[in-house]
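The exercises below are meant to be worked through with the sequence and the 3D view open side by side. Try each task before reading its solution.

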Amino acid sequence: MLFKGGGLPHESLALQEKLFGAGPDYNFMTRIERFKNSLVRVQHFIRCCARYNLHDHADKKWFEGVAFPNEVSVLGPHSGMFIPTLKEQGSEEQIQKWVPQAEKHQIMGTYIQTELGHGTFVRGLETTATYDPKTEEFILNSPTLTSIKWWPGGLGRTCNFGIVMALLYIDGKNYGMHPFVVQLRSLKTHEPLPGLTMGDIGPKFGFDTVDNGYLQFNHFGIPRENMLMKYCQVLKNGTYTKQTRNPKFSYGAMIFVRSMVVYEVAGQGLAKACTIAIRYSAIRRQSELKKSRPEPQILDYQTQQYKLFPLLALAYAVWFTGVRMKEIYFMVNNEIKQGHTERLPELHAISSGLKAFTTSMASWGIERCRLACGGHGYSAASGLPKIYVNATGGCTYEGENTVMLLQCARFLMNIYGGVKNGRRPSGSVNYLGERISSRCTLTSEFTLKSLADAFKHRAARMIKEASERLNRLQASGNDPEDSWNLNSVVLTKAAEAHCHYYMVLVFESVVESVEDNCVKDILRQLCQLLALCGIQENSGDFIQDGFLNNDQLELVKQKQLSLLSEIRPNAVLLVDAFEFHDVQLGSILGRFDGNVYENLFKWAKKTPLNKPEDLIHRLLR
Ligand SMILES: CCCCCCCC/C=C\CCCCCCCCCCCC(=O)SCCNC(=O)CCNC(=O)[C@H](O)C(C)(C)COP(=O)(O)OP(=O)(O)OC[C@H]1O[C@@H](n2cnc3c(N)ncnc32)[C@H](O)[C@@H]1OP(=O)(O)O
Ligand SMILES: Cc1cc2nc3c(=O)[nH]c(=O)nc-3n(C[C@H](O)[C@H](O)[C@H](O)COP(=O)(O)OP(=O)(O)OC[C@H]3O[C@@H](n4cnc5c(N)ncnc54)[C@H](O)[C@@H]3O)c2cc1C
């Protein structure tokens, strides 16, 4: 109940749908079969939404978790980007026109921004939308090879609509990036409309169930009314008007997805991987601890605990942080809707930073879980390869992680500069205005407050040093841009330290809010382990300025090891508490009933390579 809240009824409804749980094994399918199979499930999902009256995003998400386990379907870009962008950037008329059709899936859309030559540098995108007042149309064009749109999910074969980000030109003047609603395919024949060259970009590391696509515009006309006009308008005669607004509003869809990815991708992915690795480690017996005694569960080896329990603690931390990130997004977005845009820079910074920090940690953690499962972890039957290839995409899409950390750092530098000039920071950066103790107060009690304070100190110091180094680079004659680049490694580390502190703080606040003392104690242990591992892994950051001394570091190490034994009896319960159904895990190693070996054998017998096949037989005969 700590995790699922109101989601369970929808999950059980989805589990009753035969088409979702059963069917061909994903691992035995070719890419095309995976894609087709996903489309069949998409159609069934859409029918289920109508049948069960699922309208609310959160309700649908529970259903989707069962319908599309550990994969993104073409509904991801549609419901995660196309519809939110229409709602956030469209005028009332535009919302009325397209949102109901999109919500009923009568039109399917995607978000078309990245190009062959540019993804990160949005201002460098080349697609043009030139207004022609005579026809009252925008003419979309791809002027170069590098301007071909590349990557949008669902563009290759599925979507008939898209929101295209393009440079608006009126009368030869460039007004910058704007969003346009574009019909891509005929609603009758599903063929691409004349003037568009489209297709799938080919096999990828993961995302097999999504047709990421390309799109080239050849002077393709769309009605004037198709520019999303909530914040800017182009009148019939070509007059451009805009509300007083932050030009970064057109980046809103990206902030939304980044805010969701922390929970949906990093939190869920790592929690699933931990569930699989910890359950399997309780089933797997190997070697000897004591002579002539039965082989122990591998989970009883301290080294195995040392691999997995910090990841379990991290999974809880990322999960809670993801939930908090969603809350912050909706809160600040509501403020923005009421005209209060003051917190947009902070929202951008924290969503960029946390998206990067948590997807990197989760990606690394999922791979560690796989390694901890030995040989069977390398088998597709473990479910871990699929979880990994899809989750690790989160390090790249919606803003490459290094670039996102640098965006977060940019905000931190602005805030720190402001503090130097007497401004008081608030929200997630309020600690930059505090006087921070220069000596660590950690004692063998390891209170959560003292642990969080240690991370606060580290973040504040690293931000200060990054800022001072930036100033020194400039003072020694480098221009601001070169100084930034020469300081960028230090800046990303400062941003990571800020996000790390934020995550520890969120975890601490969740523990404090729990009423049940037993649950509170167990969560406190996990939170301590998370923080202590963070201190140990980054010990240089904590001792560099004499904040933490050698004795304290030794205490940290001792406590970390004793926590492993304390957590051991609850480890399996702690992953069971995530309440992932076997269908969602897609793993033989992580089965709830623990019946691993029998099912591995059954599974191997079903592999297509064991089926009679003429060519293989002839070659081997
Ligand atoms: C409760 C239930 C909810 C249920 C929800 C259900 C929906 C679920 C949805 C999602 C779940 C997860 C789904 C997973 C499936 C995902 C499928 C894959 C989707 C992938 C889609 C994509 O990848 S789309 C393409 C994404 N592309 C990018 O992210 C590009 C990255 N680049 C940029 O964003 C920008 O170029 C940049 C930020 C790097 C730089 O921008 P720019 O050059 O314009 O700015 P500057 O660096 O010069 O900075 C100027 C100034 O602006 C500030 N700023 C920059 N960006 C923003 C912003 N977005 N908002 C506010 N402010 C911004 C910057 O900080 C600077 O500020 P200063 O004050 O001047 O310092
Ligand atoms: C699975 C997946 C799904 C996607 N779905 C969509 C979609 O639906 N719609 C869409 O429009 N796009 C989509 N994309 C594209 C995605 O948003 C971009 O790939 C992403 O934003 C990264 O941009 P890039 O490819 O240009 O990387 P690059 O910017 O080329 O990154 C390459 C390297 O350069 C470094 N780098 C770049 N700029 C800087 C800088 N300023 N400072 C320091 N280092 C820098 C990066 O850190 C990285 O190491 C998807 C991508 C993937 C992988």
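For the first exercise, note that a helix axis here is a line fitted to C-alpha atoms over the stretch in contact, and that the angle between two axes runs from 0 to 180 degrees between their N-to-C directions. The model is a predicted one.

**Exercise 1.** Describe how α5 and α7 are arranged relative to each other, and find which residues make their contact.

*Solution.* Begin with the axes of α5 and α7, which come within 9 Å and cross at roughly 130 degrees. Angles of 65 to 115 degrees count as roughly perpendicular and those over 145 as roughly antiparallel, with this angle in neither range, and α5 and α7 are therefore oblique to each other. Next, look at the handedness: α5 passes α7 in a right-handed crossing. Then list the residues, where α5 brings Gly80, Met81, Pro84, Thr85, Glu88 and Gln89, while α7 brings Gly252, Ala253, Phe256, Val257 and Met260. Sorted by class, this contact of α5 with α7 holds six nonpolar, four polar and one charged residues.

**Exercise 2.** Work out which parts of the chain surround ligand 1, and which helix gives the most to its shell.

*Solution.* Start with the count, since 38 residues surround ligand 1, the closest being Gly80, Val122, Tyr251, His348 and Gly399. Then assign the shell to helices: α4 (57-67), α5 (75-89), α7 (252-283), α9 (344-372) and α12 (401-420) each contribute at least two residues. The helix that gives the most is α7, with seven residues. Finally, divide the shell around ligand 1 by class, which yields 18 nonpolar, 13 polar and seven charged residues.

**Exercise 3.** Determine how α9 and α12 pack, and what kinds of residues their contact contains.

*Solution.* The axes of α9 and α12 are 8 Å apart, and the two helices pack at an angle of about 145 degrees. Their crossing is left-handed. On the α9 side the contact is made by Pro345, Glu346, His348, Ala349, Ser352, Gly353, Lys355, Ala356, Thr359 and Ser360, and on the α12 side by Asn401, Met404, Leu405, Gln407, Cys408 and Phe411. By class, the contact of α9 with α12 divides into seven nonpolar, seven polar and two charged residues.

**Exercise 4.** Describe the surroundings of ligand 2 by naming its nearest residues, the elements that supply its shell and the classes present.

*Solution.* There are 23 residues around ligand 2, and Gln113, Thr114, Gly119, Thr120 and Thr402 come nearest. Among the elements of the chain, β1 (109-112) and α12 each supply at least two residues of this shell. The shell around ligand 2 has nine nonpolar, twelve polar and two charged residues.

**Exercise 5.** Which spans of the chain does UniProt list as domains, and what is their helix and strand content?

*Solution.* An unreviewed UniProt entry places "domain: Acyl-coenzyme A oxidase N-terminal" at residues 12-107. In the model, residues 12-107 are 71% helix and 0% strand, with end C-alpha atoms 28 Å apart. The unreviewed entry also lists residues 251-413 as "domain: Acyl-CoA oxidase C-alpha1". Over residues 251-413 the chain is 75% helix and 0% strand, and the end C-alpha atoms lie 21 Å apart.

**Exercise 6.** Characterise the crossing of α16 (residues 517-537) and α18 (residues 550-567).

*Solution.* The axes of α16 and α18 come within 10 Å and cross at roughly 145 degrees, and α16 passes α18 in a left-handed crossing. Residues in the contact include Leu526, Leu529 and Leu532 of α16 and Val556, Leu563 and Ile567 of α18. By class, the contact of α16 with α18 has eight nonpolar, four polar and three charged residues.

Methods: Residues are numbered from 1 along each chain as its sequence is written. Chains are lettered from A and ligands numbered from 1 in the order in which they are written. This is a predicted model: local features need pLDDT of at least 70, side-chain atom pairs count only at pLDDT 80 or more; totals for chains, interfaces and linings use all residues. A residue is near a molecule or strand if its C-beta atom, placed from the backbone, lies within 6 Å of it. Helices (H or I, at least four residues) and strands (E, at least two) are DSSP runs, numbered from the N terminus. Ala, Val, Leu, Ile, Met, Phe, Trp, Tyr, Cys and Pro count as nonpolar, Asp, Glu, Lys and Arg as charged, and the others, Gly among them, as polar. UniProt positions are given in the numbering used here, feature names are shortened, and annotations may be inferred rather than shown by experiment. Angles under 35 degrees count as roughly parallel, over 145 as roughly antiparallel, 65 to 115 as roughly perpendicular and the rest as oblique. A crossing is left-handed if the near helix is turned anticlockwise from the far one by less than a right angle, and right-handed if clockwise. Two residues are in contact if their C-beta atoms, placed from the backbone, lie within 7 Å.
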